[in-house]
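Biologist: I would like to learn how to read a protein model. Can we go through it one feature at a time?

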Amino acid sequence: MTQLQSQSVADVVLDEARTGRRFVFSGDWRHHTAEAMAAKLKRFGKLSGGQNEFDLSSITAMDTAGAWLIRRFMNGIGSEAGGEVRFADGGQRYVELVRALPDALPLPKREIRRGSLFQRLFAPIGELTVSIWTDTFAAMFILGSAVRGAQMKLGRHAGVSPAAIVHQIDRMGVMAVPIITLMSFLIGAIIAQQGAFQLRSFGAEIFVVDLVGILQLREIGVLLTAIMIAGRSGSAITAEIGSMKMREEVDALKVMGLSPVGVLVFPRLVALTIVLPLLTIVANFAALTGAAFVAWGYSDITFATFLARLQESIDFSTVAAGMIKAPFMALIIGVVAAVEGLKVGGSAESLGRHVTSSVVKSIFVVILVDGLFAMFYAAIDF
């Protein structure tokens, strides 16, 4: 037992010779002995220069902490002080570990503080402008590459497998029907209840049909559906492409001669462009159904009366105004999600950050585009 304890104690002994100094290291050089050994090596801190030999053959165990202590001591008395350090024969695995360590640890980067008030005010604006331009350029590149043909192989006209598009339609469209239906049903019911409650004071509860019909078909239906798809499918696209980027699968596609845009992005863009208008139709029917039930139970408006009033209040332009927006919003969601996915770095933190950024940017741009469409419709009296 005493012999085992003596072997586990780390130590360093200095042997002065004519040709130089010889340091004999022994024992257990690991993190639990690092503090004690740092104090022992500090005793030799005044030694520098000359010929020095390190003997590591008597060391029984070593980890990175112990190797770093020896490396730092070696730099202190060796090359930094004009001396020379060599290793004696024996303990080669420990010698390799010490040699593998850098001469010094890199200093942490200090954040550059903007000095003037002008810089603090306008530097973030400039950074945001550059970021918007970079994202816009990347989005145009992805959209242009997809429209250009989305070849499965670079330089070859091979087309895209319909199975990939159908698979994405199933994932993004069919599997989203329940949540879209439930959400739209509740939204339509809430709008009808609040509208009937306010119009009851004027004795005009019948106009709740006009309110729900026009608002749902022109604005709310496509907008809320796009927001839901941005949170559900847009985040999934970013996570999928981002995880492929982290595992270098995107680079592997390029090495194989395949276009990442054609393989990963194009099927998802086509699927979104198909499913979002269809989901908007489902959402409109669900919302009008919910509004009809609330109007019947809350305002005694029968289903026949509801349908008759709905036919009088809406026309083709009301339906078309909402449906025209759907393909544009689908492209926006798909392109933004793909851009953020291809920007993912090699860490899980980067993946989470870009997934969040994808959802936020998609929803923001979708709402912005909806406002632009509203102003355009008002300008042409549509």
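Modeller: Let us begin with one residue. Gly297 is exposed, with a relative accessible area of 60%. Gly297 lies in helix α10. Keep in mind that this is a predicted model.

Biologist: Why does 60% make Gly297 exposed?

Modeller: Exposed means over 50% relative accessible area, and buried means under 20%. Gly297 has 60%, so Gly297 counts as exposed. Now take Phe293, which also lies in helix α10. Phe293 has a relative accessible area of 43%, so Phe293 is partly exposed. Thr280 is found in α10 too. Thr280 is buried, with a relative accessible area of 1%.

Biologist: What does Thr280 touch, beyond residues up to four places away in sequence?

Modeller: Thr280 touches Gly221, Val222, Thr225, Met323 and Ala326.

Biologist: How far apart are Gly297 and Gln193, in sequence and in space?

Modeller: They are 104 residues apart in sequence. From C-alpha to C-alpha they are 9.7 Å apart in space. For the whole chain, look at contacts with a separation of 6 or more. Residues 24 or more positions apart account for 79% of these.

Biologist: How many helices and strands does the chain have?

Modeller: The chain has 14 helices and 4 strands. Of its 382 residues, 42% count as buried.

Biologist: How do I read the sides of a helix?

Modeller: An α-helix has 3.6 residues a turn, so residues three or four places apart point the same way. Try helix α11, residues 303-313. Its buried residues are Phe306, Leu310 and Ser313. They cover an arc of only 70 degrees around the axis, which puts them on the same side of α11. The face turned away from that buried side carries the exposed residues Ala304, Gln311 and Glu312.

Biologist: Which helices do the buried residues of α11 pack against?

Modeller: They pack against α8 (208-246) and α10 (260-299). Compare that with helix α12, residues 316-323. There, 6 of the 8 residues are buried, so α12 is largely enclosed by the rest of the structure. Those buried residues are Ser317, Thr318, Ala320, Ala321, Gly322 and Met323. They pack against α8, α10, α13 and α14.

Biologist: What should I look for in a nonpolar core?

Modeller: In soluble globular proteins, nonpolar side chains tend to be buried together. The largest nonpolar core here has 44 residues. Ile229, Val265, Leu272, Leu276, Ile333 and Val366 touch the most other members. Several helices each supply at least two residues of this core, including α5, α7 and α8. Helix α10 gives the most, with 11 residues.

Biologist: What is Ile229 in contact with, leaving aside its neighbours within four places in sequence?

Modeller: Ile229 is in contact with Met172, Ala176, Gly234, Leu272, Leu276, Leu279 and Ile333. Apart from the largest core lies another core, of 25 residues. Among them are Leu41, Phe44, Phe73 and Leu101.

Biologist: Which residues form a nonpolar patch on the surface?

Modeller: The patch is made of Ile179, Leu182, Phe185, Leu186, Ile190, Phe293, Trp296 and Phe303. Together they have about 750 Å² of accessible area. The elements that give two or more residues to the patch are α7 and α10. Helix α7 gives the most, with 5 residues.

Biologist: And how do I read charged side chains?

Modeller: Side chains of opposite charge can pair when their charged atoms come close. This structure holds 17 salt bridges. One of them joins the side chains of Arg22 and Glu53, at 2.3 Å from N to O. Arg22 lies in strand β2 and Glu53 in strand β3, so the pair ties together parts that are 31 residues apart in sequence. Arg22 counts as partly exposed, at 26% relative accessibility. Glu53 counts as buried, at 13%.

Biologist: Which residues are linked with Arg22 in a network of salt bridges?

Modeller: Glu53, Asp55 and Arg86 are linked with Arg22 in that network.

Biologist: Where do the partners Lys343 and Asp135 lie?

Modeller: Their side chains meet in a salt bridge, at 2.9 Å from N to O. Lys343 is in the loop between α13 and α14, and Asp135 is in helix α5. The pair links distant parts of the chain, 208 residues apart.

Terms used
Residues are numbered from 1 along each chain as its sequence is written. This is a predicted model: local features need pLDDT of at least 70, side-chain atom pairs count only at pLDDT 80 or more; totals for chains, interfaces and linings use all residues. Side-chain values use heavy atoms; hydrogens and water are left out. Buried means under 20% relative accessible area, exposed over 50%, partly exposed in between (1.4 Å probe, protein chains only). The arc is that of the directions from the helix axis to the C-beta atoms. Contact means heavy atoms within 4.5 Å. A nonpolar core is a set of buried Ala, Val, Leu, Ile, Met, Phe, Trp, Tyr and Cys residues joined through side-chain atoms within 4.5 Å. Patches are made of residues with over 30% relative accessible area and no salt bridge: like charges are joined within 9 Å, nonpolar side chains (Val, Leu, Ile, Met, Phe, Trp, Tyr) within 5 Å. Accessible areas come from the Shrake-Rupley method with a 1.4 Å probe; for residues, only the protein chains shown count as cover. A salt bridge is a side-chain nitrogen of Lys or Arg within 4 Å of a carboxyl oxygen of Asp or Glu.
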